[in-house]
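Trainee: Please pick one part of this model and take me through it closely. I'd like to hear how the rest of the fold sits around that part.

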Amino acid sequence: MGRKAYEVLLFAHGWYRSLLEGARISHGLASIIIRNGKVVTSLENFEADVEIEDGVITRISRSGLSGHPADRVYNAEGKLLLPGCIDGHTHFEMPFMGTTTADDFLSGTASAAAGGVTTVVDFAIQQSGGSMMQAVEAWKRKAVGKALIDYSFHLIVRDLKATDTEEISNIVSAGVTSFKVFTTYRKEGLMLEDGGILDVMRRVGQLGGLVAVHAENNGIIESNVEKFLKENMRSARYHRLSRPQEAEREAVQRAIYFSGIAGCPTYIVHLSSSEGRNAVKEGQLRGLPVFAETCPHYLIFDDSVYDRPDAANFVMSPPIKGKEDRAALWEGLREGVVKTVASDHADFDTHQKSLGKDDFTKIPNGVAGTEVILPVLFTEGYRKGRLSLNQVVQASSTNAARAYNMFPRKGTIAVGSDGDIVVLDPAKKVRLTQENLHSKIDYSIYEDYVAEGYPVLTVSRGEIVSEDNQITAKPGRGVFVPRSGYMPHKSPLFD
Ligand code: URP
Ligand code: ZN
Ligand code: ZN
């Protein structure tokens with residue numbers, strides 16, 4: 001075939017694939033072959049070579065791809081190839097509690113990429129008095145020109161007076177199919193009343209979307225906070241004490257009842273307690289479409305951190321609970337009640353955390369974590385025999401892709417899927433110090449923790465975005481991943 005004809009064929013192929021696959025955009029390397037690695041998906045492990053061309057996985061060969069040319073060949077002997085992680089819970093450049101999270105879409109996605117994350121789902125917040133669409137547009141502006149990896153959004157619904165649930169259908173049409181509601185943070189103007197939550201769930205359920213719930217009982221928290229402040233108990237440990245696990249259990253149960261009434265798939269985000277885990281499990285046993293996410297900090301620490309001098313750095317909501325809660329969350333992951341591990345990356349530097357040095361209610365809530373999801377799951381989950389490698393992949397990638405309806409474009413290593421792969425070296429040990437991590441903040445809550453097994457290469461749509469802990473991607477190369485709604489109750493997670 002002459003060069004011209006070949007170019008025409010390539011053009012037609014590209015045009016056809018872009019028709020089929022929507023908004024794929026390829027940048028950087030045209031082709032890469034990753035050789036001799038062990039591919040791990042949510043179901044299987046096998047030795048293979050993997051080829052990515054124009055951003056998409058084109059060949060997976062168990063007998064090898066030697067002889068096939070590529071712009072880059074990476075030898076992954078002795079290493080694992082996992083689907084790029086999907087961090088379904090980030091808050092980049094989020095205005096919150098009188099300040100703004102330290103990481104924006106540039107530093108946040110750098111941190112994500114270094115940790116093996118190839119897609120983040122960030123929370124766009126409806127402003128009080130604003131429309132939902134304004135929030136989506138505002139969050140797109142934050143991401144465009146900065147994101148190093150692909151991104152999608154959830155929409156936080158906070159003001160049903162400014163708009164109504166009919167607007168939800170426009171948001172779903174715009175490719176944002178998951179919504180978050182808060183049962184607390186009344187004073188911060190984020191909480192929805194029960195009726196509002198039910199209204200949102202009804203509409204989202206009809207449209208085949210998903211509602212994520214921040215589940216903590218506001219009344220319990222406000223009553224405890226008032227009591228502690230009156231008694232002049234103002235240190236960070238009272239943040240923990242004001243939010244007992246009953247607060248989580250009650251709100252999780254309520255969300256599950258609403259899910260049943262509304263027929264809406266419901267996702268309990270940042271689950272932190274044994275009681276919460278039990279409530280989710282009961283809901284699942286009743287056949288309701290409910291599932292849960294937990295975060296690395298709940299899987300590593302226990303609430304003794306609130307006795308440390310740097311306790312403020314561990315203030316997030318819900319707070320870290322006891323050792324038995326941590327064990328219950330691991331058990332929840334093992335048995336599949338807890339489906340995903342996401343970061344809840346909402347970080348604040350030491351100066352921002354010090355805003356609450358005399359009053360725990362003023363400590364901005366949140367921690368960094370997108371970079372540690374995979375190292376923590378591998379070290380604590382796989383190495384310690386709590387999870388299989390396949391379960392590590394389910395929790396870090398495949399289940400999020402399914403829940404958020406990105407599968408099989410994301411969340412697996414398969415021909416036709418995006419070329420999103422993380423190569424993990426099981427022999428590489430890294431101390432998770434501030435210097436070794438990529439977020440903007442000036443400390444790491446994981447300073448004393450050594451991960452045993454670490455990402456050494458992160459590939460996003462065929463382009464190397466991080467190699468040996470160095471970021472190699474250009475700002476703005478990440479693209480928005482639009483999603484469509486699934487039929488209510490038909491998400492593959494419920495099969
Ligand atoms: O403390 C937290 N989790 N901050 C971020 C906001 C949220 O509730 O997810
Ligand atoms: Zn939350
Ligand atoms: Zn969050």
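Mentor: Along the chain, the donors of the zinc ion (ligand 2) are spaced K-x33-H-x55-H. Donors here are N, O and S atoms within 2.8 Å of the metal (3.2 Å for Na, K and Ca), and since water is not among the atoms, sites may look incomplete. The three are K180 through NZ, H214 through ND1 and H270 through NE2, at 2.1 to 2.2 Å. A second zinc ion (ligand 3) sits 3.9 Å from the zinc ion (ligand 2). H214 belongs to strand 12 (residues 210-214) while H270 is in the loop between strand 13 and helix 9, so this pair ties together parts that are 56 residues apart in sequence. Helices (H or I, at least four residues) and strands (E, at least two) are DSSP runs, counted from the N terminus. H214 and H270 are both buried, which means under 20% relative accessible area; exposed is over 50%, partly exposed is in between, using a 1.4 Å probe and protein chains only.

Some bookkeeping: this is a predicted model, so local features need pLDDT of at least 70 and side-chain atom pairs pLDDT 80 or more, whereas totals for chains, interfaces and linings use all residues. Residues count from 1 along each chain as its sequence is written, chains are lettered from A and ligands numbered from 1 in written order, and side-chain values use heavy atoms, without hydrogens or water.

Now the sheet. Strand 12 is one of 8 strands in an open sheet ordered 6-9-10-11-12-13-14-15, with parallel pairing; two strands pair if DSSP finds at least two bridges between them. The edges are strand 6 (85-90) and strand 15 (338-341), each with a single partner strand, so one side of each has no neighbour in the sheet. From one strand to the next, the twist averages 30 degrees. Axes are lines fitted to C-alpha atoms (for helices, over the stretch in contact), with angles from 0 to 180 degrees between N-to-C directions.

On the zinc side of the story, helix 9 (residues 274-285) lies across strand 13 (266-268), strand 14 (290-294) and strand 15, at about 155 degrees to strand 14. Elsewhere in the sheet, 7 bridges join strand 9 (residues 117-125) to the parallel strand 10 (residues 150-156). V120 has Y151 as its bridge partner in strand 10, and F123 has H154. Strand 10 is covered on both faces: D150, S152, H154 and I156 are buried on one side, and Y151, F153 and L155 on the other.

L155 also turns up in the largest nonpolar core, 118 residues, where L155, I268, L333, L377 and L432 have the most contacts. A nonpolar core is a set of buried Ala, Val, Leu, Ile, Met, Phe, Trp, Tyr and Cys residues joined through side-chain atoms within 4.5 Å. Helix 8 (residues 245-262) gives the most to it, with 6 residues. Apart from that core lies another, of 18 residues, including F46 and V459.

Note on methods. Contact means heavy atoms within 4.5 Å.
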